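Reader: I'm new to this one, and I'd like to know what sits behind the words people use for it. Can you take my questions one at a time?

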There are 2 protein chains.
Amino acid sequence: MKHRYLITGVSGFVAGHFLNLLAQKQDCESVLGVDIQLAAAKPYPFPFQTQILNLLDSAAVEALLLEYRPTRILHLASFSNVGASWKAPAESFTNNTNIFLNLIEPLRRSGLSARVLSVGSSEEYGSVGLDELPLVETRPLSPESPYGVARVAQEQLSRVFAQGYGMDIIMTRSFNHIGPGQRDQFVVPSFVKQVALSALSKSRHCRVRTGNTKVIRDFLDVRDVVDAYWELFERGRSGEVYNVCSGTGRSLDQILEALGEIAGIDVSSETDASLIRPNELMAVVGSALKLKNETDWSAKISFEQSLKDLVAHWKEIVIMERTK
Amino acid sequence: MKHRYLITGVSGFVAGHFLNLLAQKQDCESVLGVDIQLAAAKPYPFPFQTQILNLLDSAAVEALLLEYRPTRILHLASFSNVGASWKAPAESFTNNTNIFLNLIEPLRRSGLSARVLSVGSSEEYGSVGLDELPLVETRPLSPESPYGVARVAQEQLSRVFAQGYGMDIIMTRSFNHIGPGQRDQFVVPSFVKQVALSALSKSRHCRVRTGNTKVIRDFLDVRDVVDAYWELFERGRSGEVYNVCSGTGRSLDQILEALGEIAGIDVSSETDASLIRPNELMAVVGSALKLKNETDWSAKISFEQSLKDLVAHWKEIVIMERTK
């Protein structure tokens, strides 16, 4: 069967990689991408259109669903910055939970039978003891940031809509992503950019401005992330939630060290108080067993390869910015 | 210390009883009540004003907070009908979670140090086995209705705002209420009204239209509910959640039987398919131990007394409506 994909947040980092993946698959009748602002569209080997759409405008969302009649909806649109959610909790909530409700509620009313992938976050778990890692999907959720609360609400609404109305919705708790295209307001690209700048200016040392570098996170290459999303469309069970993660925890200190080795320079860290967040979770590492057991997914890109690709990518960007 | 109370949802059933309670307490400097529509105000032995306010209008909420400077906020405003939340899930969500966020976010920005009582619901728990009853506050939440999801989000936001920003917010999970003033869209008053009508028309039998009468709920008299809210203002711990319940489960069948005895008529039930809800929880009974241990609260009104008062109350209403 060929699918009519709808992708929200199409201008974002993850959507670009999902489109690259679809270009390799044979299941795509067409793709409609929506976002509040659009980047220049690349060519793809399938009909691809983009459209400005504010998901807070529920009437516009409903009209679009009835017109396009998607069979698969990848919901990536999100106010996804945990730190920023502390500065603007109401906006974080509205632009996660309410936009999702504005998508699934007209879908419910319309009776269209699209499969929805509701992307959530490891922030839903909240803080746990090291002995409770890796996190499994059955663990009670205890979100500790405004963003985490919004994501839990999105997931619980998904479950209620799947079980109560019989809708076809699959949920993820996606852990940290790394890969080309992520903006440098996120932690790893911000590190890599600073290291790339130093390497290109022939410095031997790079002092990276950081928050708390002891925190441990589970990073998965974005190309493996989108592969998991496609597998979940194919084989996931409606109303179920799946961790999307590597299963390995790495501290930010370890990442800084690895970046130094790749770039061939000495990297140290300098704490910037403005980057320290309230309620920061100390260690977040997931188990990908459910995803692996129920789909054909496995991670294909090593962490070292991800970082190498990322350093090369940021060197290119820095050079391009300089020659502008 | 005397308090400046702000009560949202002041036109509702619970607010009326809380105002009656404040009339007996000596801690009230003034009360401002807000709602989207106002009923005729009764006189109270303290300065009492009411005002139309739509909590979805965050600018108006902020202006009101800065003007009135409350020291205690009882947040009762809610789209609180579980059945209706299945018909209008988006409205249920907006009119529970978003209105709460519109209250606490300007409160946070203003730096006012009010204590907030965030009223939640037993619907947050979701369905459990009979062997897991009574429900204690540490039990993982697994809401199974749009309303339940909205209430979980409200509670989790309360905790995040208390822990992350140091705000003074106490949460409840309030179980079913009974008592004079509750509208007959709720189950017990709808039963009592039908029984009162039959009793007044000298019928010997009353066939009550019901949903599933096997479901078991934990009913607490509204006068004991508001007493718990006042105790929590006095002695509750910020960031903590408290069940507000009787601790005793009663099936709707038992209530019908008790009503028949009080009214002196034969009561039977007739299932109305439109009253059967998706995902209905079979048994919901709470433990009030935490509330009892941490405050001076105990329930003072027996279930039988509640039902007697309710039958008398609805007989009066039915007679009044007839003589109009």
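Author: Sure. Let's begin with how the copies are compared: they are superposed by least squares on the C-alpha atoms of residues with pLDDT of at least 70 in both. Keep in mind that this is a predicted model.

Reader: What makes the relation between chain B and chain A a two-fold axis?

Author: Two copies of a chain are related by a rotation about an axis and a shift along it. Here a rotation of 180° with 0.0 Å of shift along its axis puts chain B onto chain A, with an RMSD of 0.0 Å. That is the relation of a two-fold axis, so the name fits. Both copies also use the same surface, since 100% of the contact residues of chain B recur in chain A.

Reader: How many residues of chain B are in contact with chain A, and how do you know they count as being in contact?

Author: Contact means heavy atoms within 4.5 Å. By that rule, 30 residues of chain B are in contact with 30 residues of chain A.

Reader: What area do chain B and chain A bury between them?

Author: The size of an interface is often given as the accessible area lost when the parts come together. For chain B and chain A that comes to about 2200 Å², with 67% of it on carbon and sulfur atoms. Helices α3 (82–87), α4 (89–110) and α5 (146–165) of chain B each supply at least two residues of the side that touches chain A. The largest share of that side, 11 residues, comes from α5(B).

Reader: How many salt bridges and how many polar pairs does the rule find across the interface of chain B and chain A?

Author: The rule finds 0 salt bridges there. It does find 3 residue pairs in polar contact across the interface, both residues at pLDDT 80 or more.

Reader: How many salt bridges does the structure hold over all chains?

Author: The structure holds 46 over all chains.

Reader: Why is the pair Glu132(A) and Arg139(A) called a salt bridge?

Author: The rule asks for a side-chain nitrogen of Lys or Arg within 4 Å of a carboxyl oxygen of Asp or Glu. The side chains of Glu132(A) and Arg139(A) meet at 3.2 Å, N to O, so the pair passes that cut-off. Glu132(A) is partly exposed at 38% relative accessible area, whereas Arg139(A) counts as buried at 17%.

Reader: What about Arg223(B) and Asp221(B): which of them is buried and which partly exposed?

Author: Their side chains meet in a salt bridge too, at 2.8 Å, N to O. Buried means under 20% relative accessible area, exposed means over 50%, and partly exposed is in between. Asp221(B) is at 2%, so it counts as buried. Arg223(B) is at 29%, so it is partly exposed.

Reader: How do you know that Glu240(B) forms a salt bridge with Arg237(B)?

Author: Their closest N and O atoms are 3.6 Å apart, and the cut-off is 4 Å, so the pair counts. Glu240(B), at 24% relative accessibility, is partly exposed, and Arg237(B), at 40%, is partly exposed as well. Elsewhere, salt bridges that share partners join Glu62(A), Glu105(A), Arg108(A) and Arg109(A) into one network.

Reader: What makes Ser30(A) and Tyr68(A) a polar contact?

Author: A polar contact needs a pair of N or O atoms within 3.5 Å. The side chain of Ser30(A) reaches the side chain of Tyr68(A) at 2.8 Å. Ser30(A) sits in strand β2 (residues 28–35) of chain A, and its relative accessibility of 9% makes it buried. Leaving out residues up to four places away in sequence, Ser30(A) touches His3(A), Arg4(A), Tyr5(A), Pro47(A) and Tyr68(A).

Reader: Why is Ile73(A) called buried?

Author: Its relative accessible area is 0%, and anything under 20% counts as buried. Ile73(A) is found in strand β4 (residues 72–75) of chain A. Beyond its neighbours within four places in sequence, Ile73(A) is in contact with residues including Leu6(A), Leu103(A), Val116(A) and Phe233(A). Ile73(A) and Val116(A) are 43 residues apart in sequence, yet 4.7 Å apart in space, C-alpha to C-alpha.

Reader: And Trp314(A): buried or exposed?

Author: Buried, with a relative accessible area of 6%. Trp314(A) lies in helix α10 (residues 303–322) of chain A. Its contacts outside four places in sequence include Gln182(A), Pro189(A) and Lys193(A).

Notes: Residues numbered from 1 in each chain as written. Chains lettered and ligands numbered in written order. Heavy atoms only, no water. Helix = DSSP H or I, 4+ residues; strand = E, 2+ residues; numbered from the N terminus. Buried < 20%, exposed > 50% of the residue type's maximum accessible area, 1.4 Å probe, protein only. Polar contact = N/O pair within 3.5 Å; in protein donor to acceptor, adjacent residues only side chain to side chain. Buried area = accessible area lost by both parts, 1.4 Å probe.
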